[in-house]
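Dear colleague,

Please find below the structure that I am handing over to you. I would be grateful if you would look through it alongside the notes that come after it.

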Amino acid sequence: MAVSRFCAIVLAATMAAPGLAPAADRKLVIGIPPLDVAAVDGVDESASVVLAKLIRIEMIKSVRLQPVLMAASSIDADASTTNATKDAATVKTDIVLKGTVLSADASQSSQDLTSPSFLGGNLSVGGHVGRTTATVALHIELVNSTGDTVDSFDVESKVSETGIGTDLQTAVGSYNSGD
């Protein structure tokens with residue numbers, strides 16, 4: 001699922017919840033604490049902050065949302081007030097997006113091809129293709145100012161990147177270009 005579709009789901013879910021729709025002249029303020037990454041092996045806590053920042057970056061693109069990063073320790077019991085800056089200034093949020101990483105996986109493959117030598121063994125040409133695929137599955141809970149879960153849903157995203165390169169090998173050296 002694309003992240004922009006994810007933002008649309010969050011917006012629709014919060015608008016449908018009673019009492020959460022903001023006035024027409026202001027944006028919906030969404031607090032985003034670091035995501036829970038405990039379910040993923042080999043991931044440290046810095047990944048949870050990075051994921052929260054990535055979600056915020058996508059939400060900023062919406063003219064109806066105002067995402068605010070939250071420190072994990074700044075969430076009050078009622079989940080509505082957060083310390084948004086180091087000087088402990090507080091920001092009132094309409095809703096808090098709490099996320100749990102259910103799974104995260106990355107795979108990489110590469111394939112190489114080299115021609116037989118020609119020109120008396122002094123020249124060969126080759127190429128390679130590399131592909132990296134990453135998949136992340138999240139469980140999202142939207143929590144209102146009273147601490148009640150307004151909505152929850154799962155979202156999965158998969159992205160792949162392919163790189164292509166060429167190789168030229170001669171008797172005097174070689175040249176590689178690309179991925």
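The notes below go from the whole chain to two particular places in it.

Please bear in mind that this is a predicted model. The chain contains two helices and eight strands. Along the sequence, these elements follow the pattern α-β-α-β-β-β-β-β-β-β.

Of the 179 residues of the chain, 31% count as buried. The accessible surface of the chain amounts to about 10,600 Å², and carbon and sulfur atoms account for 54% of that area. As for contacts in the chain between residues at least 6 apart in sequence, 60% of them join residues at least 24 apart.

The first place concerns Asn144, which is found in the loop between β6 (123–143) and β7 (149–170). Asn144 counts as buried because its relative accessibility is 16%, and the cut-off for buried is under 20%. The side chain of Asn144 also reaches the backbone nitrogen of Asp148, at 2.9 Å.

The second place is on the surface, where a nonpolar patch is formed by Phe118, Leu119, Val125, Leu168 and Tyr175. Together, these residues have about 490 Å² of accessible area. One of them, Val125, belongs to strand β6. With a relative accessibility of 38%, Val125 counts as partly exposed, since that class lies between the buried limit of 20% and the exposed limit of 50%.

With kind regards

Methods:
Residues numbered from 1 in each chain as written. Predicted model: local features only at pLDDT ≥ 70, side-chain atom pairs only at ≥ 80, totals over all residues. Heavy atoms only, no water. Helix = DSSP H or I, 4+ residues; strand = E, 2+ residues; numbered from the N terminus. Buried < 20%, exposed > 50% of the residue type's maximum accessible area, 1.4 Å probe, protein only. Polar contact = N/O pair within 3.5 Å; in protein donor to acceptor, adjacent residues only side chain to side chain. Patch = residues over 30% accessible without salt bridge, like charges linked within 9 Å, V, L, I, M, F, W, Y side chains within 5 Å. Areas by Shrake-Rupley, 256 points an atom, 1.4 Å probe, with all protein chains shown as cover. Salt bridge = Lys/Arg side-chain N within 4 Å of Asp/Glu carboxyl O. Contact = heavy atoms within 4.5 Å.
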